[in-house]
Amino acid sequence: MTGPGAKILIADSDEVNLRLVEAVLLPLGYQVALARDGDEALSRAQENPSLIFVSSQMPKMDGFGLINQLKTGQTTKHTPVVVMTPSTEVEVRLTALQQGADDFLTKPIEKVELQARVHSLLRVKAYNDHVETCQHEVETEVTRRTESLKQSLDKIKTASLDTIYRLSRAAEFKDTDTGAHIERMSHYSTAIARKVAPNDERFLENILWASPMHDIGKIGIPDRVLQKPGKLDADEWEIMRRHTVMGAEILKDSDVEFIKLGEVIALSHHEKWTAAAIPRASRGRTHPCPGVLWPWLMSSMP
Ligand SMILES: [Fe+2]
C-alpha cells in the first residue's frame, strides 16, 4: 500500500523526534510504526512498511549499518529509506548513499519538507511495486510457455522416434527380425554409447534415433536373397552387402543431424574395427564419432 493507510516505519533513539514525525504523519492517514534502535527497526521492517525513516545517530547499530541491512534484506531491499541527520556534511550524506539510502531529511525535521518527501517517495514505491509485479508476471508467463514448449517438443520427439521405428520396421518386415528387435537394438546402442560419451546427451539422442535405421537398405534386397533359408552363395552375398550402400543412399543429403548420422551408420555398420572402410569424414576425430563407434557397437549386438 502506498497511499493513505500505508505503513511508515520511523527508527530513531530520539523520543522527541519520533513523536514529532508521528504527529505529522498520523493526521495524513498513514500507519506509523516506531523503533528506538536498529534491532527493533529490523524486526518491525518485516511488517512490510512502504517507507522507512532512519536516524543516522542511534545506539548499538547506527543508521548506516541499519540501512545496509535493510538494503540487503530480502523483504526490504526495494523499500525507500530516508536518512534523518543533523549533519549537512557531504561526507555523511555520501556514506548514507553508499549504504543504499534513497533520500535525506535534515534534523530538526521540517513539517512541509517531511510531507513532500513522504508523498514523492511513496509514489516511487508504487511505481517500483508495479514494475516488480509486471516483472514477476512476465517471468511466470515465460516459465509457463517454456514448459509448454518443452512438452510440445517432447511430444514431437516421441512421435518422430515412433515414426522412425515404424519405417525401419517396414524395411525389416521381410526379414526374420521382429519389430521389437529395432527398438531393443536402439536402446542397447544408446546404453553402450553412454559408456563412451556419458555426458554428450546430443550424441546419445542422435544414436537413439539414428541406430534403428541401420538396415533400412534391406528394403532393396530381393526376397529370394533376404529370406533364403540356407547359406548364401558368393553372388547372393554381394547382393546382400549392398543393403549398406542402399541404406546410405536412402538417407543421404539430409540437413537433419540424426539422419546424417543414420547415413554413416547404414553405410558402415558391417565394417570391422580396423577403420579401413570408415568414411573419410569420420576419421581422425578425437570424439567417439559414429563412423568409428558404430562398427564396434554393431559387432557387439546379439
Ligand atoms: Fe545390416
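I take helices (H or I, at least four residues) and strands (E, at least two) as DSSP runs, numbered from the N terminus. On that basis I count 11 helices and five strands in the chain.

I note that the model is predicted: local features need pLDDT of at least 70, side-chain atom pairs count only at pLDDT 80 or more, and totals for chains, interfaces and linings use all residues. Residues are numbered from 1 along each chain as its sequence is written, and side-chain values use heavy atoms, with hydrogens and water left out.

Entry on the iron site. I looked up the protein donors of the iron ion (N, O and S atoms within 2.8 Å of the metal, or 3.2 Å for Na, K and Ca; water is not among the atoms, so sites may look incomplete). I found D215 (OD), H243 (NE2), H269 (NE2) and H270 (NE2), at 2.0 to 2.3 Å from the ion. Along the chain these donors follow the spacing D-x27-H-x25-H-H. D215 sits in the loop between α7 (201–210) and α8 (223–226), and H243 in helix α9 (residues 234–251), so this pair ties together parts 28 residues apart in sequence. Both D215 and H243 are buried, that is, under 20% relative accessible area (1.4 Å probe, protein chains only).

Entry on the whole chain. I recorded that buried residues make up 41% of the 302 residues.

Entry on contacts. I take contact to mean heavy atoms within 4.5 Å. Among contacts between residues at least 6 apart in sequence, 60% join residues at least 24 apart.

Methods: Buried < 20%, exposed > 50% of the residue type's maximum accessible area, 1.4 Å probe, protein only.
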